[in-house]
Every structure is written in structure tokens, then in C-alpha cells.
Amino acid sequence: MPSKLPTPLVQKVFDSIDKLPAGSKVMIAFDYDPSAEGEIGPMATAFVRHCAQKGHKMYMIALWPVGPLMIDERINSVLRPNYPNLKDGENYVN
């Protein structure tokens, strides 16, 4: 049975985002493609959600050709439905 506790690395990332003052600028790289969505997608979703909850400014970038599609997926599935008060170009940017 897998542990329900986060790994030390995951906890460190969470704590780092949690400790930033509201409105901090956070760069998020979406350098993966759809074949890795099953593994990386949930982490990207949780990271974007955590940043939104803390009121951070998100700068989403990608160097991979399909990265912008991964960003759009998070904007459309996490930010727009759950944080309608956040504005594109003000609170987050692709």
C-alpha cells in the first residue's frame, strides 16, 4: 500500500511556495508533452492551484513545441473555472 504522505522533496516544494508573500512572481515551466501528461499533469495542476490559492503571479513558459498546449490545459481546467477573478495578463501569463 503506497504511503499517503508527501515525499520530502514534494513537501519542500510545497513549503517554499507556501512561504512566499502573496503576489510573488513564480515562473512555471511546462516542458513536457502529452505522453507524460499522466505523470506530470497532476503535479502541474497541483502546483498551479497552489500558486493561485496563495495569490502568486504565474509566468508560465515552455521550450517544448507542445508546452503551450499544456499551459492552456491548466488555464482552462484549473484557473478559469476555479479562480474566475484571476485575469490573464495580470495574475498569470502564458
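What handedness does the β-α-β unit made by E2, helix H3 and E3 have? The unit is right-handed. This is a predicted model, and the report below works outward from its overall fold to its strands and its largest pocket.

## Overall fold

The protein chain holds three helices and three strands. Read from the N terminus, the elements follow the order α-β-α-β-α-β. Helix H1 covers 8-19, strand E1 covers 25-29 and helix H2 covers 37-53. Strand E2 takes residues 57-61. Helix H3 takes residues 67-82, and strand E3 takes residues 92-93.

The C-alpha trace spans about 40 × 35 × 25 Å along its principal axes. The radius of gyration is 13 Å, which agrees with the value near 12 Å for a compact globule, because that is the figure for 94 residues. Of the 94 residues in the chain, 29% are buried.

## Strand pairing

E1 and E2 run parallel and are joined by five bridges. Isoleucine 28 has methionine 60 of E2 as its bridge partner. The chain passes from E1 through H2 to E2, and this β-α-β crossover is right-handed. Another bridge links methionine 27 to tyrosine 59 in E2.

E2 also pairs with E3. That pairing is parallel too, over two bridges. Here methionine 58 is matched with tyrosine 92 of E3. The connection from E2 to E3 includes H3, and the β-α-β unit is right-handed.

## Two faces of the strands

In a regular strand, side chains alternate between the two faces of the sheet. E1 shows the alternation: Val26 and Ile28 point to one face and are buried. Lys25, Met27 and Ala29 point to the other face and are not buried.

E2 alternates as well. Its buried side chains, Met58 and Met60, point to one face. Lys57, Tyr59 and Ile61 point to the other and are not buried.

## Methionine 27

Is methionine 27 buried or exposed? This residue of strand E1 counts as exposed, because its relative accessibility is 59% and the cut-off for exposed is over 50%.

Methionine 27 can also be placed against methionine 60. The two are 33 residues apart in sequence. In space, their C-alpha atoms are 5.8 Å apart.

## The largest pocket

The largest pocket encloses about 430 Å³ of space. Its lining counts 14 residues. Val13, Met43, Ala44, Ala46 and Phe47 lie nearest the centre.

Which elements supply at least two residues each to this lining? They are helix H1, strand E1 and helix H2. H2 gives the most, with seven residues. By residue class, the lining has twelve nonpolar residues, two polar and no charged.

Key:
Residues numbered from 1 in each chain as written. Predicted model: local features only at pLDDT ≥ 70, side-chain atom pairs only at ≥ 80, totals over all residues. Heavy atoms only, no water. 1 Å grid on protein atoms, 1.4 Å probe; cavity = no way out; pocket = protein on both sides within 12 Å on 5 of 7 lines; lining within 4 Å. Points joined across faces, edges and corners; volume = space filled by probe spheres on them. Helix = DSSP H or I, 4+ residues; strand = E, 2+ residues; numbered from the N terminus. Nonpolar A, V, L, I, M, F, W, Y, C, P; charged D, E, K, R; others polar. Buried < 20%, exposed > 50% of the residue type's maximum accessible area, 1.4 Å probe, protein only. Pairing = 2+ DSSP bridges. Right-handed = clockwise from strand over helix to strand, strands pointing away. Rg over C-alpha atoms; globule rule 2.2 N^0.38 Å.
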